[in-house]
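The following report looks at one acidic residue and its surroundings, and then turns to the cysteines of the chain. Please read it alongside the sequence and the model.

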Amino acid sequence: MAIRYAIFCPFRLLALLLLLLAAAPAAWATHLVGGELDLQHREGNTYQLTLNLYFDALNGNAGALDNELTASIFDRATNARLLDVELPLTSNTFVSYTNPACTSPTLLTRRLVYSRSVVLLPQTYASAAGYYVAVERCCRNVSISNIVSPGDAAQAFYLEFPAVVRGGREFRNSTPRLFPPLGDYACLGELFTYEFGGQDADGDSLVYELATPLNGHASVAVPRPTVATPAPYPPIRWNPGLSVDRQIPGSPTLTINRRTGRLEVRPTQVGLFVFGLRCQEYRRGVKIGEVRRDFQLKVIQCPINARPKVLLQLPGRPAPYRAGLDTLRLRPGGPRCFRLRFTDTDPSSALTLSMRPVNFTSPLPTLSVLQGTVRRPGSPDTLVSELCFPACLNTKGQVYLLDVVVADNGCSVPKRDTVQVAFTAQPDPNGPPTLRTTATPP
């Protein structure tokens, strides 16, 4: 027996070693870009629970792409585990760029959707403190620039939702759905903006703020826990000099509009930066839930892109319209159309004109030319469009404000120039109708 064991043991060790090596890529893969959870009411007590997970399609190891992940639901008051839900992979698509022409070969992200319907019974989900859902997974991209030991850092996906019954009555709620994630990159030294705001099916008020991404309890050794651990979830650790209020080195650093969810940053360092935000949901002034999203922003050195320019020309005046000083006064019988000139100093710039009413809704003016290309062989240096106001427009003595915006096709996001037009308008007189006939008199 001793001799047989001595001969057989190396083969067993070799097999075990090969098994460990085969499993290593999945366990050690650094692939997480970010994600968020979503809970939508369907009918009765049935809800759709979804995890949107963003996966690095260039650097992530295919062995770390899960066919299912487990979400755990807990009572916020006691941290008691109520349900573990296995979410199967239902969709695997690429995240689109805002401008496909700006596609970078160093940035490619997949959106993996894990989803399943769950039943939340009133007798179980009636706690006034509400509930939370969590999914834990490791690991993040090793090339992240703003956190400590990024290759060892995990992520805890997290959302909070209210009881499904309140005051003895049904209390239906769907979590806010955040704007689709960006597939874009930012340019060093250039202002980067992105609309991360969401929509709420119930019409609840949404408040946005930056948040430190959650690390949770997953690890390199256990990258995919069988179920999530109850809260609290440890956060990631920022590199020295960074914090929740300074997640990305920039001037300005990363900020978010509390009301709209608009992100803004002018990065001062190239790299790959993880950032976190949360969207809190209020109904009649009371917070009822929140959704957290982690994501990444890649900052690269881009070619210089000049800002386009738009000017409004006034009839009989050589100088263009001066925003803040001039006001158009549209009177009966007077001119209703004005010439706009827009251009860009960069070669082969594709320009687009648009309008944005500031303090009114309708009727809107029209633009004779909405887009065109300048400074390309055979193309003009300047484009011309007519801004024409309706004859029936009546501001009733108020000053209306209209933003006329020109945008280029520069990368990573278009640059813009805006002229804000202040105007008052009196409608043309309404004359009596006339009746004509082609009939021949008898």
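In this predicted model, D294 has a relative accessible area of 5%, and because this value falls under the 20% cut-off, D294 counts as buried. The residue belongs to strand β18, which spans residues 286-300. Its side chain is joined to that of R140 by a polar contact of 2.8 Å. Leaving aside residues up to four places away in sequence, D294 touches V33, G34 and G35, together with R140, Q155, P213, L214, F275 and G276, so that R140 appears both among these contacts and as the partner in the polar contact.

The cysteines form a second topic. A disulfide is a covalent bond between the sulfur atoms of two cysteines, and the model holds three disulfides by the distance rule applied here. Their geometry is set out below.

| Disulfide | S to S distance | Angle about the S-S bond | Handedness |
|---|---|---|---|
| C138 and C139 | 1.9 Å | 90 degrees | right-handed |
| C187 and C302 | 2.1 Å | -85 degrees | left-handed |
| C337 and C388 | 2.1 Å | 120 degrees | right-handed |

The disulfide of C138 and C139 has both of its cysteines buried.

The sulfur atoms of C187 and C302 lie 2.1 Å apart, and this pair links distant parts of the chain, given that C187 is in strand β11 (residues 186-187) while C302 is in the loop between β18 and β19 (309-313), 115 residues apart. C187 and C302 are both buried.

For the remaining disulfide, formed by C337 and C388, which parts of the chain are tied together? C337 lies in strand β21 (residues 337-343) and C388 in strand β25 (residues 382-388), so the link ties together parts that are 51 residues apart in sequence. C337 has a relative accessible area of 36%, and because this value lies between the cut-offs of 20% and 50%, C337 is classed as partly exposed.

Two further cysteines can be described by their accessibility. C279 has a relative accessible area of 0% and is therefore buried, whereas C392 reaches 57% relative accessibility, and because this is over the 50% cut-off, C392 counts as exposed.

Conventions. Residues are numbered from 1 along each chain as its sequence is written. This is a predicted model: local features need pLDDT of at least 70, side-chain atom pairs count only at pLDDT 80 or more; totals for chains, interfaces and linings use all residues. Side-chain values use heavy atoms; hydrogens and water are left out. Helices (H or I, at least four residues) and strands (E, at least two) are DSSP runs, numbered from the N terminus. Buried means under 20% relative accessible area, exposed over 50%, partly exposed in between (1.4 Å probe, protein chains only). A polar contact is a pair of N or O atoms within 3.5 Å; within protein, one must be able to donate a hydrogen and the other to accept it, and residues adjacent in sequence count only if both atoms are side-chain atoms. Contact means heavy atoms within 4.5 Å. A disulfide is a pair of cysteine sulfur atoms within 2.5 Å.
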